[in-house]
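Biologist: Please take a close look at one part of this model, the loop side chains and the enclosed space beside them. Walk me through it in one go.

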Amino acid sequence: FGDTNSKVREAISWVMIESLNIIQFAHKPVNYKLVVVTVFKGVQDKPKVSYQCCEVVQKLAEACQPLNDEYENALTPYFGEALQVLFQNSKRDDYYGTGVDLMQQSYIAMTSLIQYSCSNSNTQTYEHMIPILQQLE
């Protein structure tokens, strides 16, 4: 995401989405720390890049979903920060007129992250619920 051209960053985020589809299907190991750090940076980018990075978070959550009631998964160490980044992203107003809805996409990503989280993330989910619900009022 270091390129100065937003179209290049947009293309990179699209490739990440498609790559995660393949990885999820193939059950290949991934360096999640590198992916998560890159995606968090992308979420704060221009609206179209941010929108696609929210979709990457959604795909990551699905790819890491617990299969046997695991206590934690590869995203558990980043769970609280991911919710915070997405929550802040949902408050942006620079996406109006761009053809993307960052509030909606951020909430979809948060929903997937929570839905596919492990039990070790429950406390953080509860901590974030009040501010999220207050914003929806």
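Modeller: Start with a polar contact: a polar atom of the Ser-117 side chain lies 2.8 Å from the backbone oxygen of Ile-114. The model is predicted, and that distance is computed from it. Ser-117 is found in the loop between helix H5, residues 102-115, and helix H6, residues 122-136. Is Ser-117 buried or exposed? Its relative accessibility is 17%, so Ser-117 counts as buried; the cut-off for buried is under 20%. Leaving out residues up to four places away in sequence, Ser-117 touches Pro-66 and Phe-79.

Now take a second loop. Thr-76 lies between H3 and helix H4, the latter spanning 79-90. A polar atom of the Thr-76 side chain lies 2.8 Å from the backbone nitrogen of Asn-73. For Ser-117 the backbone partner is the oxygen of Ile-114. Thr-76 is buried, because its relative accessible area is 9%, below the 20% limit. With neighbours within four places in sequence set aside, Thr-76 is in contact with Cys-118, Asn-120 and Ser-121.

Next, the enclosed space. A probe the size of a water molecule, rolled over the atoms, shows where empty space is left. How many cavities of 30 Å³ or more does the count give? The count is two.

The second largest cavity takes in both loop residues. Its volume is about 50 Å³. Thr-76 and Ser-117 are among its lining residues. Asn-73 is there too, along with Phe-79, Cys-118 and Ser-121. So are Ala-61, Leu-75, Leu-113 and Tyr-116. By class, this lining has six nonpolar residues, four polar and no charged. Recall that Asn-73 is the backbone partner of the Thr-76 side chain, and that Phe-79 touches Ser-117.

The largest cavity holds about 60 Å³. Which classes make up its lining? There are 10 nonpolar residues, no polar and no charged. Val-36, Val-39, Phe-40, Val-57 and Leu-60 are among them, as are Tyr-78 and Ala-82. Leu-75, Phe-79 and Leu-113 also line the largest cavity, and these three names appear in the lining of the second largest cavity as well. Helix H2, residues 32-43, gives the most to the largest cavity's lining, with three residues. H2, H3 and H4 each supply at least two.

H3 deserves its own look. Helix H3 covers residues 47-63, 17 residues in number. From first C-alpha to last it reaches 24 Å, close to the 24 Å expected at 1.5 Å a residue. Of its 17 residues, 13 are buried, so H3 is largely enclosed by the rest of the structure.

What does Ala-109 touch, beyond residues up to four places away in sequence? Its contacts are Cys-54, Val-57, Gln-58 and Leu-86. Ala-109 itself lies in H5. It counts as buried because its relative accessibility is 0%. Ala-109 and Leu-86 are 23 residues apart in sequence, yet 7.5 Å apart in space, C-alpha to C-alpha. Val-57, another of the Ala-109 contacts, also lines the largest cavity.

Last, the setting. The protein chain has six helices and zero strands. Its pattern along the sequence is α-α-α-α-α-α. Of its 137 residues, 43% count as buried. Among contacts between residues at least 6 apart in sequence, 75% join residues at least 24 apart.

Terms used:
Residues are numbered from 1 along each chain as its sequence is written. This is a predicted model: local features need pLDDT of at least 70, side-chain atom pairs count only at pLDDT 80 or more; totals for chains, interfaces and linings use all residues. Side-chain values use heavy atoms; hydrogens and water are left out. Helices (H or I, at least four residues) and strands (E, at least two) are DSSP runs, numbered from the N terminus. Buried means under 20% relative accessible area, exposed over 50%, partly exposed in between (1.4 Å probe, protein chains only). A polar contact is a pair of N or O atoms within 3.5 Å; within protein, one must be able to donate a hydrogen and the other to accept it, and residues adjacent in sequence count only if both atoms are side-chain atoms. Contact means heavy atoms within 4.5 Å. The expected span of a helix is 1.5 Å times one less than its number of residues. On a 1 Å grid over the protein atoms alone, a cavity is a set of points where a 1.4 Å probe fits but cannot get out, and a pocket is an open set with protein on both sides within 12 Å along at least five of seven lines; lining residues have an atom within 4 Å of a point. Grid points are joined across faces, edges and corners, and a volume is the space filled by probe spheres set on the points. Ala, Val, Leu, Ile, Met, Phe, Trp, Tyr, Cys and Pro count as nonpolar, Asp, Glu, Lys and Arg as charged, and the others, Gly among them, as polar.
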